[in-house]
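Here is a friendly walk through one protein model, from its charged pairs to its sheets and its core. Please keep the viewer open as you read.

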Amino acid sequence: MTPADSAPVSSKSPEAKAPPTAFGKGFVLDAWYFVALSRDVAPASLKRYELLGEPVLVGRTRAGQVYAMRDICPHRAAPLSAGRLVEKPGEGETIECCYHGWRFRPDGVCAAIPSLVEDQPYEADRIRVRSYPVRESQGMVFVWMASDPRTAADPDHEPPVFPGVVGGGAKMVEWMDFDAHVDHAVVGLMDPAHGPYVHQQWWWRSAKSMHEKAKAFEPREHGFAMVRHAPSSNSRAYKILGGAPATEITFRLPGYRWEHIQVGEKQVLALTCLTPINETKTRITQIFWSDHWVFSLARPFLRMGVIAFLKQDGGMVNLQNEGLRYDPALIWIDDADKQAKWYQQLKREWIKSRAEGRPFANPVKPAVLRWKS
């Protein structure tokens, strides 16, 4: 990991242009995006994803190497993910296109064009499919989405490392696709005031239990955190953990939010990954790790709660879209919307710093925010 908020920046070509920074438009580039758990990328598998509007094949060779490439054959545009992984003498493992059998190595270089005959010399290795840097970390697969494909082979920082990945593999994973740009998904995720209205549950909280809260925040690497504190007294779900839970909630670009709970020596990590599919759709993946006994006994109950939260948020996104299609001006207030403001500042600074070829300067300053929920 590089020092906080000071990742070195690769030089950009004059042709590289910064994407739009307006809220609800453009993406954070030169960044790692979560695509899958490692256990879901099986050997010899070819899985198609859409990331930031691009078709991406994520696969694993039989030897265990994970790779990612643009999921379009350059010959006749068939999805490479519809093909198969083969091994030919002298070529190693390659992805064979289902249409005409063109074969590509995991780095995107064409290894063979079967339709050529001996007296038709053609330098197949001059043909390349765009490849994406990929990393496996803490049982997750991340893909690097670069602002300039010509510099994509050399990411200048690694995926985030999350505290609390304990107890073996992930204990629970749920996901849902929201019909929203990632910006709206992010600010909806970090909004502290909607809970009593959108998530009214007997086991969580209700509008009748609202009271004033004051939370301290600090800047963190590529983001910020609500510093460690005792959970609010009107959040009933924490009580099943017993003891004296202490929680810290962190947000990091491009779209990671995690809550790390400590109960004595035991830990719980609730990680939410926001992965833009395209300009109007975002995948929300919630992953839980823990070495706390409660996950063995209460997993069905916790799973029902997570699914309920996702469905409630998804329903509210659909309602919000009814208003957003008229492109209204949005009003942001302090302090309840301060985190949403910080996200917008972080995104603008990230895009600007990359375009200018300088280190990222975190715009978030320490603060105590107050709101009712």
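Let us begin with Arg62, which counts as partly exposed because its relative accessibility is 48%, where partly exposed lies between buried (under 20% relative accessible area) and exposed (over 50%), using a 1.4 Å probe and protein chains only. This is a predicted model, in which local features need pLDDT of at least 70 and side-chain atom pairs count only at pLDDT 80 or more, while totals for chains, interfaces and linings use all residues. Residues are numbered from 1 along each chain as its sequence is written, and side-chain values use heavy atoms, with hydrogens and water left out.

**Charged pairs**

Arg62 meets the side chain of Glu93 in a salt bridge, 3.6 Å from N to O; the term stands for a side-chain nitrogen of Lys or Arg within 4 Å of a carboxyl oxygen of Asp or Glu. The pair links distant parts of the chain, 31 residues apart, with Arg62 in the loop between β3 (54-60) and β4 (66-70) and Glu93 in strand β6 (residues 92-96). Helices (H or I, at least four residues) and strands (E, at least two) are DSSP runs, numbered from the N terminus. Glu93 is buried, with a relative accessible area of 14%.

The structure holds 21 salt bridges, among them these:

| Salt bridge | N to O distance |
|---|---|
| Arg62 and Glu93 | 3.6 Å |
| Arg126 and Glu123 | 4.0 Å |
| Asp156 and Arg354 | 2.6 Å |

Asp156 sits in the loop between β11 (140-145) and β12 (172-178), and Arg354 in helix α4 (residues 338-356), 198 residues apart. Asp156 is buried at 11% relative accessible area, and Arg354 is buried at 6%. Both belong to a salt-bridge network with Asp30. By contrast, Arg126 and Glu123 are exposed.

**Sheets**

Strand β6, the home of Glu93, is part of an open sheet of four strands in the order β5-β6-β7-β8, with antiparallel pairing; two strands pair if DSSP finds at least two bridges between them. Its edge strands, β5 (84-88) and β8 (110-112), each pair on one side only. Two bridges join β6 to β7 (residues 103-104), and Glu96 has Arg103 as its bridge partner in β7.

Another open sheet has eight strands, ordered β12-β18-β17-β16-β15-β14-β13-β19, and its pairing is antiparallel. β12 and β19 (367-372) stand at the edges with a single partner strand each, so one side of each has no neighbour in the sheet. The twist averages 20° from one strand to the next. Helix α1 packs on this sheet, touching β14 (223-229), β15, β16, β17 (266-278) and β18 (281-290), and its direction makes about 155° with that of β17. Here contact means heavy atoms within 4.5 Å; axes are lines fitted to C-alpha atoms, for helices over the stretch in contact, and angles run from 0 to 180 degrees between N-to-C directions.

Seven bridges join β15 (residues 246-252) to β16 (residues 256-263), which run antiparallel. Thr247 has Ile261 as its bridge partner in β16.

**Helix α1 and the core**

Helix α1 (residues 182-190) is largely enclosed by the rest of the structure, because seven of its nine residues are buried. Those buried include Val182, His184 and Met190.

Met190 is also one of the contacts of Phe224 outside its neighbours within four places in sequence, a list including Phe217, Phe251, Trp342 and Leu346. Phe224 and Phe251 are among the residues with the most contacts inside the largest nonpolar core, which has 57 residues. Helix α3 (residues 294-324) gives the most to this core, with six residues. Such a core is a set of buried Ala, Val, Leu, Ile, Met, Phe, Trp, Tyr and Cys residues joined through side-chain atoms within 4.5 Å.
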